[in-house]
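Let's take a walk through this structure together. Have a look at it first, and then we'll go through it step by step.

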Amino acid sequence: MSLYRDEGVVLRTQKLGEADRIVTILAKRTGKVRAVAKGVRRTTSRFGARLEPFTHVDLQLHTGRTLDVVTQAETLRPYGEALAADYPRYTAGTAMLETADRLTHGEKEPALRQFLLLVGGLRTLADRDHEARLVLDAYFLRSLAVAGYAPALDACAKCRAPAIRAFAIVAGGVVCGACKPSGSAVPAGETIGLMAALLRGDWAAADVSESRHRSECSGLVAAYLQWHLEHGIRSLRHVEREPA
């Protein structure tokens, strides 16, 4: 039996048999791990509540033939407790977990930067220093950048010309008039500025942005994310009902 220890964030769970669960975790050193947590659905379980989505946990696991097995779990920070009573923050957090799951494709492939982004995003949501949708859009943009899909926001994505006329998802960001493909969005300059502020972590600029620019930014970021993932983020249908 090969034992190892790591810390991680629980992304999702699914039932297994009568009392067990399969837990998907984004771990700091190991990357994405799917493991069996035996007996956690019983009321007498030693660590059932420690293996719920949003929980940052310290784990001990042993390697199995198909799935690893959780043998110990200690809570480092239960982000779910801070988010559960706040619908906008809870749904934003759920979208973060789903995105982290989809952006880390292979199991046990180290994804330290994605792990750190997720922990930082959940902490920022729980601390309530910034509006929930701004935090979510910042997380989307930065996680895309780590994955190699950062949108061009300062110059044309095709020819690098400084004159920006539109935002084209298929081109990879802002484009000039000469490179603008049909169907491109033409957002306000302030919207592009907000996207850039969120990507670089300029909260002073992001926090004073207007609601209409935040709404436009959210639409562009969500479309850009889902185009690169080639899959919809189901959690976003609930996030987008939040009033601007």
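What follows is a short tour of the two domains and the place where they meet.

Keep in mind that this is a predicted model. The domain assignment splits the chain into domain 1, covering 3-77, and domain 2, covering 81-237. Taken over C-alpha atoms, their centres sit 29 Å apart. Where they touch, domain 1 brings 23 residues to the contact and domain 2 brings 24.

So much for the layout; now for the surface itself. About 1800 Å² is buried between domain 1 and domain 2, and carbon and sulfur atoms give 64% of that area. On the domain 1 side, try picking out Leu26, Lys32 and Phe54: these residues supply 41% of the area that domain 1 buries against domain 2, more than any other three residues.

There is charge at work here too. Four salt bridges turn up across the interface of domain 1 and domain 2. If you'd like a salt bridge to look at, find Lys108 and Asp68, whose closest N and O atoms are 2.6 Å apart. The interface also has seven residue pairs in polar contact.

Which strands supply the side of domain 1 that touches domain 2? Strands E1 (3-16), E2 (20-27), E3 (31-37) and E5 (68-78) each give at least two residues. The largest share, seven residues, comes from E1. Sort the residues on that side of domain 1 by character, and you get nine nonpolar, six polar and eight charged.

How values were computed
Residues are numbered from 1 along each chain as its sequence is written. This is a predicted model: local features need pLDDT of at least 70, side-chain atom pairs count only at pLDDT 80 or more; totals for chains, interfaces and linings use all residues. Side-chain values use heavy atoms; hydrogens and water are left out. Domain bounds come from an automatic or database domain assignment. Contact means heavy atoms within 4.5 Å. Buried area is the accessible area (1.4 Å probe) that two parts lose on being put together, summed over both. A salt bridge is a side-chain nitrogen of Lys or Arg within 4 Å of a carboxyl oxygen of Asp or Glu. A polar contact is a pair of N or O atoms within 3.5 Å; within protein, one must be able to donate a hydrogen and the other to accept it, and residues adjacent in sequence count only if both atoms are side-chain atoms. Helices (H or I, at least four residues) and strands (E, at least two) are DSSP runs, numbered from the N terminus. Ala, Val, Leu, Ile, Met, Phe, Trp, Tyr, Cys and Pro count as nonpolar, Asp, Glu, Lys and Arg as charged, and the others, Gly among them, as polar.
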